[in-house]
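Trainee: I would like a close look at one part of this model, the aromatic cluster. Please then place it beside the charged pairs and the other local features.

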Amino acid sequence: MNDYLTGIIKTLEFNKKTTIISDGKKYISKGGLPKEEVAFYRKRKNNAVITEVLNSPYEKTSVCGAEKRCGGCYFAEIGYDDEAKIKSDEINRMFAEVAERDGTEILPLHTPKTARKYRNKMEYTFGNEVKGGDLRLGLHEKNMFHNIVECENCILVPDDMTTIRREIRKYFEEKNFSFFYKNTKTGFLRHCVIRHSVADDEYLINIITTSAQTLPEDFVRKMLAVNEKINGKIVSIYHTLNDSVSDAVINEKLTLLYGRESLNEELNGLKFNVGPFSFFQTNTEAAEELYSYVKENMDEVDTLWDLYAGSAVIGQILSDSAKKVISVEINPENIKDARDTILRNGIKNVKVIERDCKQFVKETDEKADLIVIDPPRAGIHKDVVKALDLSGVKKIIYVSCNPVTLKNDLLAFENYRVKSIKCFNNFAGTLNIETVAVLENKSI
């Protein structure tokens with residue numbers, strides 16, 4: 001039998017862990033917001049499960065009808081100002097060790113112009129809301145991974161994207177197609193990725209299935225008919241086969257069923273290709289603000305390294321402030337996008353190298369005056385940190401979508417001090433932020 005306790009949530013971390021203080025003891029849980037009084041039971045050691053929020057200082061409202069269950073948002077029920085305050089407090093707490101070591105200036109959280117209906121990409125999953133229920137296409141339920149929740153009034157995505165998602169689900173429901181059931185590893189429908197071009201108000205659809213069945217012949221025609229129900233336009237339709245056990249969207253075979261290979265997007269006056277598997281910031285307008293800030297923090301240089309370059313978006317945007325830019329990326333699809341758009345934008349001084357960043361940094365004879373890194377959520381390999389720390393470059397600008405790994409990486413630098421840290425609330429409503437850290441060589 002569980003012993004129920006009450007306590008006050010002290011902190012909410014970016015890894016979704018909350019710290020509860022009860023009778024002077026600390027417990028770790030998930031869910032809830034700082035300053036809320038909660039009822040919970042101890043699961044094991046100091047781990048806890050919150051059962052009820054007894055008292056909250058926040059005014060909560062229902063904005064979409066699915067906020068209690070959908071795992072897409074964390075702050076959907078509270079106001080934007082409260083969300084920003086909670087994130088700012090966690091930023092100051094998280095980077096306090098870095099600031100104490102280096103005298104780092106932790107700048108105020110930046111609020112983007114677009115904080116609602118901003119997502120230009122959504123990855124939905126086929127499944128059911130309850131075991132044996134009707135087909136659903138949506139997001140995983142909080143703490144109930146097998147349950148799929150649909151949201152008809154999502155605050156994160158454009159209304160057209162919701163309409164497209166709904167029509168896709170209705171189409172497959174009427175056809176009585178099965179979804180891939182992870183336990184038995186059987187079924188057909190797996191995921192649906194929808195991408196949006198803000199510049200042209202156009203959409204790309206990518207249906208991910210197993211090879212258990214084939215898509216009906218009328219699929220493309222039915223999807224194009226959805227254009228009559230939206231303000232934008234569907235211009236690309238893909239089909240991806242994925243028979244892997246993993247729940248991730250894995251490209252085993254990609255087929256363009258209709259339209260263009262990629263969407264067109266614009267950032268900071270440049271044009272970029274966005275294909276079904278391209279890496280691109282999910283909040284287009286906020287990305288412009290983020291990259292403008294990066295540019296503000298660099299001087300004109302001879303050679304710039306753009307590491308973990310993706311489609312070389314940052315390298316291209318910064319190219320007019322450098323004589324030469326070397327963009328290093330390992331994903332072939334991103335490299336193709338990068339080279340195509342460099343040519344399209346008429347940029348002559350950006351060179352794309354297909355290589356692992358760890359190998360490049362350790363083995364290259366090239367010398368840089370400035371290094372910009374924008375790694376995946378896992379951060380950068382310890383060998384890369386060591387190589388960068390010994391590079392002797394004057395300045396490093398570290399762009400991160402995961403403050404948890406960023407903090408650990410920053411503390412591993414010995415020859416650089418972290419001059420400033422600025423966070424951007426580019427994923428409003430969720431427990432994610434973008435961060436830009438500026439590092440300076442101590443010996444220069």
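**The aromatic cluster and its setting**

Mentor: Ring pairs join Phe-126, Tyr-171, Phe-172, Phe-177, Phe-188 and Phe-219 into a cluster. The model is a predicted one, and a search of the whole structure gives 14 aromatic pairs. One of them is Phe-172 with Phe-177, an edge-to-face pair with 5.8 Å from centre to centre and 85 degrees between the planes. The angle counts as edge-to-face because it is over 60 degrees. Phe-172 is buried, at a relative accessible area of 0%. Phe-177 is also classed as buried, with 13% relative accessibility; it falls in that class because the limit is under 20%.

Rings also take part in contacts with charged groups. The charged end of Arg-165 sits over the ring of Tyr-124, at 5.8 Å from the ring centre. Lys-422 lies over the face of Phe-424, and here the distance to the ring centre is 6.0 Å.

Arg-165 leads on to the salt bridges, of which the count is 29. In general, side chains of opposite charge can pair when their charged atoms come close. Take Lys-60 and Glu-36, whose side chains meet in a salt bridge at 2.8 Å, N to O. This pair links distant parts of the chain, 24 residues apart: Lys-60 is in the loop between β5 (47-55) and α1 (80-94), and Glu-36 is in the loop between β3 (25-30) and β4 (37-44). Lys-60 is partly exposed at 34% relative accessibility, whereas Glu-36 is buried at 1%.

The bridge between Lys-336 and Asp-340 has another setting. The N to O distance is 2.9 Å, and both residues belong to helix α7 (residues 332-344), where they are 4 residues apart and therefore separated by about one helical turn. An α-helix has 3.6 residues a turn, so residues three or four places apart point the same way. Lys-336 is partly exposed at 47% relative accessibility, and Asp-340 is partly exposed at 32%.

Arg-355 and Glu-363 form a further salt bridge, in which the closest N and O atoms are 2.6 Å apart. Arg-355 counts as partly exposed, with 26% relative accessibility, and Glu-363 is partly exposed with a relative accessible area of 47%. Elsewhere, salt bridges that share partners connect Glu-150, Glu-152, Arg-165, Arg-166, Arg-169 and Glu-173 in one network. Arg-165 thus appears in two places in this account: in that network and over the ring of Tyr-124.

Two other local features remain. In helix α9 (residues 382-389), the buried residues are Val-384, Val-385, Ala-387, Leu-388 and Asp-389. Their cover includes the strands β16 (301-307), β19 (370-373), β20 (395-400) and β21 (416-424), together with the helices α8 (357-363) and α10 (403-412). Glu-363 of the salt bridge with Arg-355 has a number that falls within the range of α8 (357-363).

Ser-262 is found in the loop between β13 (253-259) and β14 (263-267). Despite that loop position, Ser-262 counts as buried, with a relative accessibility of 17%. Leaving aside neighbours within four places in sequence, the contacts of Ser-262 are Ser-236, Tyr-238, Asn-273, Val-274 and Gly-275.

How values were computed
Residues are numbered from 1 along each chain as its sequence is written. This is a predicted model: local features need pLDDT of at least 70, side-chain atom pairs count only at pLDDT 80 or more; totals for chains, interfaces and linings use all residues. Side-chain values use heavy atoms; hydrogens and water are left out. Buried means under 20% relative accessible area, exposed over 50%, partly exposed in between (1.4 Å probe, protein chains only). Helices (H or I, at least four residues) and strands (E, at least two) are DSSP runs, numbered from the N terminus. Contact means heavy atoms within 4.5 Å. Rings of Phe, Tyr and Trp (its six-membered ring) pair if their centres lie within 6.5 Å; planes under 30 degrees apart count as stacked, over 60 as edge-to-face and the rest as tilted. A charge sits over a ring if NZ of Lys or CZ of Arg is within 6 Å of the ring centre and within 35 degrees of the ring normal. A salt bridge is a side-chain nitrogen of Lys or Arg within 4 Å of a carboxyl oxygen of Asp or Glu.
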